[in-house]
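User: I'd like to go through this model and check the labels people put on it. Can you walk me through the reasoning behind each one?

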Amino acid sequence: QSQDRLFNFAAGPATLPENVLKKAESELYNWHGCGMSVMEMSHRGGATTQFAAIPLNLCKPDDPVDYIVTGSWGDKAFKEATKYCKPTVIWSGKSEKYTQIPSFDLFEQNLNAKYLHICANETIHGVEFKTYPTPKNENGILIADMSSNFCSKPVDVTKFGVIYAGAQKNVGPSGVTIVIIRKDLIGNAQEITPVMLDYKIHAENNSLYNTPPCYGIYMCGLVFDDLLAQGGLAAIEKKNIKKAQILYDTIDQSNGFYRCTVEKSVRSLMNVPFTLEKSELEAEFIKEAAKEKMVQLKGHRSVGGIRASIYNAMPLAGVEKLVAFMNDFQARHA
Ligand code: PLP
């Protein structure tokens with residue numbers, strides 16, 4: 001064993017073979033020569049668990065709650081809630097193929113609802129809340145799934161009862177879920193709540209009730225340091241606006257060759273879905289982009305088309321390269 005390593009007798013997380021750690025280090029940013037880290041690859045994480053944890057912790061089985069559904073993730077959250085309380089979809093963008101967010105006076109909230117739930121950024125449909133509805137329920141509780149725009153811009157946390165996010169878009173690898181909850185909402189979980197979903201247990205144990213995903217949390221810590229070093233979330237937001245702007249401009253100025261149907265005022269800064277007027281060219285677009293070392297541009301299987309996710313860590317140079325490719329592709333295929 002190397003001089004700088006000690007002998008770790010911990011019961012777990014426990015010592016790992018040194019040669020395995022060295023291999024992981026050498027492969028950290030380029031796994032098997034594929035140009036990506038394992039941590040950046042397609043994931044399975046934990047925000048989905050919160051779809052159940054929220055109703056389990058905040059309501060009794062007969063309590064009404066409100067959901068605004070602006071895309072597939074909000075819909076999944078609503079469907080999960082039907083198992084644990086009495087949710088109502090008070091507005092759905094489904095008939096418009098999830099391209100809009102309603103003007104806030106267009107839906108009626110239930111005054112006796114325990115909370116109002118939104119998905120702050122719909123990852124698949126590219127629809128993002130730019131302002132937030134004021135909850136009219138008695139305790140004034142707004143809950144947001146911020147999985148895909150957490151830490152992409154400043155947010156007034158005091159406006160929310162709960163904010164939750166899977167880490168794997170903007171702040172770390174998969175396996176970590178962040179939950180920010182108002183203190184007075186902790187401690188009323190339903191009897192049937194699994195211990196791991198009870199916020200009280202996590203709060204009382206400083207999030208160390210069970211064995212947490214240490215490496216993932218360590219990576220999140222490094223990302224938070226890096227965000228601060230870049231000037232914090234206001235500075236990050238500026239960069240994100242610029243990146244999104246050049247991509248949407250390229251789409252909007254393509255004379256219909258590329259199309260983004262999301263209403264302009266609610267277009268996501270994080271996930272930019274678009275289609276090609278000649279949809280038969282989409283596979284070619286994805287193939288040629290991959291040759292130019294731009295990967296994972298395929299739209300979600302439920303909607304097809306193209307989707308460019310341009311989270312915090314996507315450099316401006318990446319977006320510039322994509323728009324140069326888009327212009328070139330259009331010139332060759334228009
Ligand atoms: N909510 C949103 C907005 C998401 O984009 C995702 C995953 O992509 C989820 C929830 C589910 O997250 P997880 O895979 O961590 O359960």
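**Checking the labels**

Analyst: Let's start with Ala144, which counts as buried with 24 C-beta neighbours inside 10 Å. Keep in mind that this is a predicted model.

User: What makes Ala144 count as buried?

Analyst: The label needs 20 or more other C-beta atoms within 10 Å. Ala144 has 24, so it counts as buried. The residue is found in strand β6. Leaving aside neighbours within four places in sequence, Ala144 is in contact with Ile118, Ala120, Phe160 and Ile163. For Ile163, the C-alpha to C-alpha distance is 5.0 Å, while the two residues are 19 apart in sequence.

User: Which strand does β6 pair with in the parallel sense over 4 bridges?

Analyst: That's β3, with β6 covering residues 142-145. In that pair, His117 stands opposite Ile143. A pairing needs at least two bridges, so 4 bridges qualify. β3 also pairs with β1 (residues 64-69), again in the parallel sense, over 2 bridges. That number just meets the cut-off of at least two, so the two strands count as paired. Tyr67 has His117 in β3 as its bridge partner.

User: How do you know that both faces of β3 are covered?

Analyst: Look at which residues are buried in β3, residues 116-119. On one side there are Leu116 and Ile118, on the other His117 and Cys119, and all of them are buried. In a regular strand, side chains alternate between the two faces of the sheet.

User: Why are β2 and β8 called edge strands?

Analyst: First the sheet: 6 strands form an open sheet in the order β2-β1-β3-β6-β7-β8, with mixed pairing. β2 and β8 (177-181) each have a single partner strand, so one side of each is left without a neighbour in the sheet. The twist averages 20° from one strand to the next. The partner of β2 is β1, in the parallel sense over 6 bridges, and Pro64 stands opposite Lys86 in β2.

User: What lies across this sheet?

Analyst: Helix α2 lies across β1, β6, β7 (162-166) and β8, running at about 155° to β7. Helix α3 (residues 72-81) lies across β1, β2, β3 and β6, and runs at about 160° to β1. The angles run from 0 to 180 degrees between N-to-C directions, so the 160° of α3 is to be read on that scale.

User: What about the open sheet of 3 strands: which ones stand at its edges?

Analyst: The order is β9-β10-β11, with antiparallel pairing. β9 (258-259) and β11 (306-309) each have a single partner strand, so one side of each lacks a neighbour in the sheet. Between β10 (residues 271-276) and β11 there are 4 bridges, and the two run antiparallel. One of the bridge partners is Arg307 in β11, for Pro273. Helix α6 (residues 232-252) packs on the sheet, touching β9, β10 and β11, and its direction makes about 15° with that of β10.

User: Two residues have a positive phi without being glycine, I gather. Is His32 buried or exposed?

Analyst: His32 has a phi of about 50° and its place is in the loop between α1 (18-27) and α2 (47-58). Exposed means 12 or fewer other C-beta atoms within 10 Å. His32 has 8, so it is exposed.

User: And Tyr98, buried or exposed?

Analyst: Phi of Tyr98 is near 55°, again positive in a residue other than glycine, and Tyr98 lies in the loop between β2 (86-92) and β3. With 24 other C-beta atoms within 10 Å, where 20 or more are needed, Tyr98 is buried.

User: Why is the protein called as compact as a globular one of its length?

Analyst: It has 8 helices and 11 strands. The radius of gyration is 22 Å, and the globule rule gives 20 Å for 334 residues; the two are close, so the label follows. The C-alpha atoms fill a box of roughly 65 × 60 × 35 Å along the principal axes. Of the 334 residues, 35% count as buried.

User: Last one: which residues come nearest to the ligand?

Analyst: Of the 12 residues around the ligand, Gly45, Ala47, Thr48, Thr123 and Gly166 come nearest. The shell divides into 3 nonpolar, 7 polar and 2 charged residues. Gly counts as polar here, so Gly45 and Gly166 go with the polar ones.

Methods: Residues are numbered from 1 along each chain as its sequence is written. This is a predicted model: local features need pLDDT of at least 70, side-chain atom pairs count only at pLDDT 80 or more; totals for chains, interfaces and linings use all residues. A residue is near a molecule or strand if its C-beta atom, placed from the backbone, lies within 6 Å of it. The radius of gyration is taken over C-alpha atoms; the globule rule is 2.2 Å times the number of residues to the power 0.38. Two residues are in contact if their C-beta atoms, placed from the backbone, lie within 7 Å.
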